[in-house]
Amino acid sequence: MGALDSWRFCPLCGEAIEKIEDRAECPACGYVGYANAVPGAEAVCFDARGRVLLGRRAFDPGKGLWHLPGGFLHEDEHPLGALGREIREETALEVEPIDFLGFWLEPYDGRVVLCLAWAANVSGEPVPVTISSSCAGSSRMTFHRPPSLRSRTTPPSCQPL
Ligand SMILES: [Zn+2]
């Protein structure tokens, strides 16, 4: 499934659109929509004791599976700004990125997310602060030692495309 699969009409003028490869074009007003990946920022956050900050999905997609703290970028937001904002919203912790781990494409709820991931340090205990659309699917984030993660470690959606 792609970002434009359910599109039938132009979001600007309401005329029927034409789908051409990975874009939708409106013959009436000239609007062009592209099926881009959605950028997201997340981190493997360690505390001073070497524990990793994780949550479990409260809702689908991936209900019950582990996930890293993070979320989607706002339109004009730097990825590191998004990382700090999302982790602050989910845990009230301030994140200190220490290394860029990499990026990958991950299917998520009918879209494809371009995940940008860092290793990071955090201190203190996580406290849920706000429930926003980006973290509403998450249970409370808590620290875990790697041996406690033997069951259901990653969602099937984390397989490379
Ligand atoms: Zn149009």
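Lys 19 has Ala 24 as its bridge partner in E2. That's a small piece of a predicted model, where local features need pLDDT of at least 70, side-chain atom pairs count only at pLDDT 80 or more, and totals for chains, interfaces and linings use all residues. Residues are numbered from 1 along each chain as its sequence is written.

**Overall make-up**
- The protein chain has one helix and 10 strands; helices (H or I, at least four residues) and strands (E, at least two) are DSSP runs, numbered from the N terminus.
- Going from the N terminus, the order is β-β-β-β-β-β-β-α-β-β-β.
- Of the 161 residues, 23% are buried, i.e. 20 or more other C-beta atoms lie within 10 Å of the residue's own, with C-beta atoms placed from the backbone.

**The E1-E2-E3 sheet**
- E1, E2 and E3 form an open sheet in that order, with antiparallel pairing; two strands pair if DSSP finds at least two bridges between them.
- Strand E1 (18-20) and strand E3 (32-34) are at the edges with a single partner strand each, so one side of each has no neighbour in the sheet.
- E1 and strand E2 (residues 23-25) run antiparallel and are joined by three bridges.

**Around E9**
- Strand E4 (residues 38-46) pairs with strand E9 (residues 111-121) in the parallel sense over nine bridges, and Pro 39 has Leu 114 in E9 as its bridge partner.
- Strand E8 (residues 96-108) runs antiparallel to E9, with 11 bridges between them; one bridge pair is Tyr 108 with Arg 111 in E9.
- E8 and E9 make a hairpin with two residues in between, and Asp 109 in the turn has a positive phi of about 55°.

Conventions. Buried ≥ 20, exposed ≤ 12 C-beta atoms within 10 Å, placed from the backbone.
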